[in-house]
Amino acid sequence: MLKRDIEFETLHSNKHRIYLLCGIVCVVVLMVTLIITTSKAKYKTTQSLPLINGTINYDLSDLNLIGAYIQEGEGYKQVNETPLSGYEFNSDESYCTVNGENINATINFDIETQTLSIVPLTKKGTKCYLYFDEKSSGSEYILASPNAPTNHTTDWTGKESYYYTGNPDNWVSFAGFYWRIIRINGDGSIRMIYQGVADSPTPDAGNMTGEGTQIGTGQFNSSDDNNMYVGYMYQCGQLHGLQTSSTIKGVLDSWYKNNIANKGYGEYVDGNSGFCGDRRVTSGTGINTSTTYYQPSTRISNSSPSLTCQTEDIYTTSGSGTGNKALTQPIGLISADEAMFAGIPWWANESNTNNYLYTDNSYWTMSPYRFSSSYAYMLLTGSSIGFSSTSYTTGVRPVINIRADVQITGSGTSIDPFIVVGA
């Protein structure tokens, strides 16, 4: 019988000492859980052994209970340390033995707390073999899930981008907000559009349609009498100018700083992927008040969207290895091409209200339409893709890119959205 909690109390009375044994507590339990706490250096063990009927008699000097194996390629290799991150416990592969024979035991291991639970543990000599699988990256996780996007096309990275269409299970909970994934970019990063404040465990009606699906309304630019105002950034007399931020860029930058960067979520956001504000022209010069049609307008009106973009108009942050490196904050807007790939049609053709991008509101894209009759026009989207002058006031829905290597859980449904681990 295991004895514990032996307490000695010393009583003094005149010249005599009386030692009184206060109590003995016998621990009898029906189910035994062995807790082993390990550090990154070897297996350091502490015991917590509620045992039954005296059948277990472990001694710390011979406590050698676990072996650890991590995934390497298609197999596993033995290691001297249980992993602290980058892996997940494989309960199906892990097992326990007594004297070399497998036993029927339920095994759980919490990597975060480094805690092992074995139920039941009834015999001395039990040893468990723990297996850990590499966690797949965020984009790999999504593409391997049942709710993965299947449509794909080449984007400006020269690689395949997988995009969602219709009304799919592409929900994400990140930084206290709900988002919908637009596509997995060619570089593996995850592009997603704002869907509202996550003030409930799962999205409600306010996250589906209406003003709650945007951060507000605003102008793309406060002026509209020059070609330059179709730019997310612009400069007078230059087609691809980057000297001045647009009105809407100022709104988005401020929102990002207050809600993402200043709250510690910026480390999960990718600034290299960028956003396309394609200012290539179909006709005209794109300078000053020259009548100009921009390539996005031609593609969209012909229902032939593309995810290609030229370097000058791929808005990336200063540390990026590609794009114009002009952004101070890695945030932008959806392009009209992305909206059409998702299933939103050109206004002259039809409309689509059964689509994840439909919110019963119109909102800005990043794609120029034309300059004519003294007005600069941008493309916007809703149940269809249309256009309006840059000084028009309509909805603002931020778009960000999540790093390819983040860890993700969840299934993407509205009741079990994808979640960025740690964020």
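1. The cavity search returns 2 cavities of 30 Å³ or more. A cavity here is a set of points on a 1 Å grid over the protein atoms alone where a 1.4 Å probe fits but cannot get out; grid points are joined across faces, edges and corners, and a volume is the space filled by probe spheres set on the points. The model is predicted: local features need pLDDT of at least 70 and side-chain atom pairs pLDDT 80 or more, while totals for chains, interfaces and linings use all residues. Residues are numbered from 1 along each chain as its sequence is written, and side-chain values use heavy atoms, without hydrogens and water.

2. The largest cavity holds about 80 Å³ of space. Its lining residues (an atom within 4 Å of a point) include Trp156, Arg183, Asp278, Arg299, Asp337 and Glu338. The lining comprises 3 nonpolar, 4 polar and 5 charged residues, where Asp, Glu, Lys and Arg count as charged, Ala, Val, Leu, Ile, Met, Phe, Trp, Tyr, Cys and Pro as nonpolar, and the others as polar.

3. The second largest cavity encloses about 40 Å³. Among the residues lining it are Met228, Tyr234, Leu239, Arg279 and Tyr294. This lining divides into 5 nonpolar, 4 polar and 1 charged.

4. Helix H2 (a DSSP run of H or I, at least four residues, numbered from the N terminus) covers residues 247-259, and its end C-alpha atoms lie 19 Å apart, in agreement with the 18 Å expected for 13 residues at 1.5 Å a residue. That expected span is 1.5 Å times one less than the number of residues.

5. Buried residues of H2 (under 20% relative accessible area, 1.4 Å probe, protein chains only) include Ile248, Leu252, Trp255 and Tyr256. The buried residues of H2 fall within an arc of 165° seen down its axis, so they line one face of the helix; the arc is taken from the directions from the helix axis to the C-beta atoms.

Conventions
1 Å grid on protein atoms, 1.4 Å probe; cavity = no way out; pocket = protein on both sides within 12 Å on 5 of 7 lines; lining within 4 Å. Helix = DSSP H or I, 4+ residues; strand = E, 2+ residues; numbered from the N terminus. Buried < 20%, exposed > 50% of the residue type's maximum accessible area, 1.4 Å probe, protein only.
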